[in-house]
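Reader: I would like a close look at one part of this model, the surroundings of the ligand. Please take me through that part slowly, and then through whatever else helps me find my way around.

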Amino acid sequence: MKTPAAHAPMHQFAVDNGELLIAGLPLSRVAARVGRTPFYAYDRQLLDRRVAELRQALPPAISLHYAMKANPMPALVGHMVRLVDGIDVASAGELQVALDAGADPAEISFAGPGKRDAELHQAVAAGILINIESFREVPVLAAASQALGLPARVAVRVNPDFELKSSGMKMGGGPKQFGVDTEHVPALLAEIATAGLAFEGFHLYAGSQNLRAEAIIEAQRQSFELARRLAEHAPAPVKFLNLGGGFGIPYFPGESHLDLAPIGVHLTTLVAEAAQHLPSARIVIELGRYLVGEAGLYVCRVIDRKLSRGHPYLVTDGGLHHHLAASGNFGQIIRKNYPVAIANRMGANDRETASVVGPLCTPLDLLGERMLLPVAEIGDLVVVFQSGAYGLTASPEKFLGHPEAVEILV
Ligand SMILES: *Cc1c(COP(=O)(O)O)cnc(C)c1O
């Protein structure tokens, strides 16, 4: 009989005396410090370590951007600003957080399919790079440039004619609301030139949550070739070539960590080719979950333990209202369990198959379905790993009116 697939080990958090630690502190003590559950805790040292690993694996000429929609907590963004080379924002609201955090406007870029006129105006005033995703944005940016006496800095987000294979979420290729289709880009570049906007580059984003290095390499190769071809129509030299990201992290049983080494080797080749064919271009990789996802825990407490027809349910004070993704309702087609543990019973031998649920009156409020876990009691701390990205701000906090979750950076 085949043994069921297991989660990748969550070694990033140490265990001492049967208890999970975050930043060297027992989780129960951190919980006492927070004063209540549920909460999200993000580990600074793990953020540092992840960026250091990337710097080690990728060529130094690559600029590393943080796509802050993955986790816009202001303290965390402030930490990331000091670690990475730039911040990618997806709204004027995120732009405000990035600027407050001290990000250099020269290294902020703004993408999104529905930028409102006011947001475009704010972006021009801030002096950030705007990834144009529609012909409509050109006259709006021209008017803002005129009014502010400041030419808008723009790149073109291209909807490529290929997809990122085996991606968790496809965001390019075929008909898409993102970017401008490859075949219309030359006409858009002509309009940008006529409008007097400051053209600075291209942005290609094929997809997200990919664990296969070969698929990422292929998308980067195709994106680079496409940008080279489109650069022939550009009104100015390409300064920024954003090749997207899509680096995934293991969430579900059977998944394992992405192998960065071949990606680094391939990017070294691309950097050399860029030096020859696009000599003014800096290559940018934009990552969200890969930078922050593994550094975060969601922590809640068991408030009841029920047996229903023999099956144990651990009812916690946390659930889908704080962590929609872990409940399986954030775009997943088939529900699978995130890695879950009982933080104060790590490695306990007395185990059972139990389900971890939240307090909401819906069967969708599930944090772990039929998982083999240490036998837990009321008062125990349940943790959901891989929770540093698409957690609180990607969840319907108001649903059912339970208390909000706290977020801390440790
Ligand atoms: C969401 C998004 C990202 C980040 O995606 P991750 O999967 O978190 O790395 C990067 N770039 C763009 C354009 C995005 O929309």
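Author: What follows starts at the ligand and then turns to the largest pocket, a small sheet and two backbone details. The model is a predicted one.

The ligand is surrounded by 13 residues. The closest are K69, S208, E286, R289 and Y390. Sorted by kind, the residues of this shell are 5 nonpolar, 4 polar and 4 charged.

Oxygen atoms of the ligand take part in several short distances to the protein. From the side chain of K69, an N or O atom is 2.8 Å from a ligand oxygen. Y390 also uses its side chain, with a polar atom 2.6 Å from an oxygen atom of the ligand. At G288 the partner is a polar backbone atom, which lies 2.9 Å from a ligand oxygen. On its own the ligand has 390 Å² of accessible area, and the protein covers 93% of that.

Next comes the largest pocket. Its space is about 710 Å³, and 28 residues line it. Nearest its centre are H7, V340, R351, M371 and L372. The lining is made up of 20 nonpolar, 4 polar and 4 charged residues. Two strands to look for here are β18, residues 340-342, and β20, residues 366-374, each of which supplies at least two lining residues. β20 gives the largest share of the lining, with 6 residues.

Now to the small sheet. Strands of a sheet pair through backbone hydrogen bonds, and the pairing is either parallel or antiparallel. Here an open sheet of 3 strands has antiparallel pairing and the order β1-β2-β3. β1 (15-16) and β3 (25-26) are the edge strands, since each pairs on one side only. Between β1 and β2, which covers residues 19-22, there are 2 bridges, and these two strands run antiparallel. If you want one place to see the pairing, D16 stands opposite E19 in β2.

Two backbone details remain. Most peptide bonds are trans, and most residues other than glycine have a negative phi. The peptide bond from T37 to P38 is cis instead, with omega near -5°. P38 belongs to the loop between α1 (27-34) and β4 (39-42). R309 is not a glycine, yet its phi is positive, at about 50°. This residue, R309, sits in the loop that runs between β16 (296-308) and β17 (311-316).

Key
Residues numbered from 1 in each chain as written. Predicted model: local features only at pLDDT ≥ 70, side-chain atom pairs only at ≥ 80, totals over all residues. Heavy atoms only, no water. Near = heavy atom within 4 Å. Polar contact = N/O pair within 3.5 Å; in protein donor to acceptor, adjacent residues only side chain to side chain. Areas by Shrake-Rupley, 256 points an atom, 1.4 Å probe, with all protein chains shown as cover. Nonpolar A, V, L, I, M, F, W, Y, C, P; charged D, E, K, R; others polar. Pairing = 2+ DSSP bridges. Helix = DSSP H or I, 4+ residues; strand = E, 2+ residues; numbered from the N terminus. 1 Å grid on protein atoms, 1.4 Å probe; cavity = no way out; pocket = protein on both sides within 12 Å on 5 of 7 lines; lining within 4 Å. Points joined across faces, edges and corners; volume = space filled by probe spheres on them.
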